[in-house]
Amino acid sequence: MNQPRIVVLTGAGISAESGVRTFRDNGGLWEEHRVEDVATPQAWATNPEMVWRFYQARRRQLQEVEPNDAHHALTHLQNNLEQVTLITQNVDDLHERSGSSEVVHMHGELKTLRCEMSLRSEVRMEPSDLTDDVALCSCCAQPSAMRPDIVWFGEMPMHMLEIMNAIDTCDVFIVVGSSGHVYPAAGLVDQANNAGAHTILVNLEAPINAAAFDEVHLGPAGELLPKLVSTLLNDND
Ligand code: APR
């Protein structure tokens, strides 16, 4: 029997059990900042020092957190089925560090910085890259300032064509740890339903788009996702 094409979309909830703060669980504050005050091009234009310090603190935090059982469950799924596309709204590298490959980061990544002149991104996680001093690019003759390689509110998410194609052709679409507040990510379940996919949600509590899913599992992803993955793998033994 040919294997199902599975697309997984993860949100901040999958990293919660690793100790990475979500955006909307703690009254909308993100590391004591309102998201709108640090995650917009306007904030970067008007108060770059504050935005830079905010992201440098989160980049440094990457070294203090580890993948959890939910990340490992998705790596196990990828290792045992050929057609699994892993898309994440998260900017941490926990999927990669749990062994997942070809992770599609639609909101950018903390471990890379982007040159403001050439728009090229490069991994910059050496100790000298993690201070509060401005980081300079290595791609321009005259080194330019770099910005966080993050998709801010009002900017276009990355890899959307690849994401839409994957969802249009999938058999199963799984969302893990997302509140369904931010588009286009929150609307992908509707696209999956229109494509005839079986849609599954794993979330601590019912998000605002819970009704769109065929199957809803409420509880911690670290507990529920390993069970769901083993069911999916047994069904396709
Ligand atoms: N297991 C499963 N789900 C969890 C867990 C857990 N242990 N802990 C929290 N959650 C759920 C919460 O119930 C919530 O519905 O994860 C969801 C996190 O929602 P948000 O904080 O809104 O994060 P997310 O949906 O990823 O935000 C989307 O918004 O701020 C922007 O760009 C940012 O990518 C982010 C986007």
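This passage describes the nonpolar core, one enclosed strand and several backbone features of a predicted model. Residues are numbered from 1 along each chain as its sequence is written, and side-chain values use heavy atoms, with hydrogens and water left out. Local features need pLDDT of at least 70 and side-chain atom pairs pLDDT 80 or more, whereas totals for chains, interfaces and linings use all residues.

The largest nonpolar core (buried Ala, Val, Leu, Ile, Met, Phe, Trp, Tyr and Cys residues joined through side-chain atoms within 4.5 Å) has 23 residues. Buried means under 20% relative accessible area, exposed over 50%, and partly exposed in between, with a 1.4 Å probe and protein chains only. Among the core residues with the most contacts inside it are Ile 6, Leu 77 and Ile 174. Elements giving two or more residues to this core include strand E1 (6-10) and strand E9 (172-176); helices (H or I, at least four residues) and strands (E, at least two) are DSSP runs numbered from the N terminus. Helix H9 gives the most, with 7 residues.

Strand E8 (residues 146-150) is largely enclosed by the rest of the structure, because 5 of its 5 residues are buried. Strands E6 (residues 108-115) and E8 run antiparallel and are joined by 4 bridges, where pairing requires at least two DSSP bridges. Met 146 in E8 is the bridge partner of Cys 115.

A cis peptide bond, with omega about 5 degrees, joins Tyr 183 and Pro 184. Glu 102, not a glycine, has a positive phi of about 50 degrees and is exposed, with a relative accessible area of 72%.
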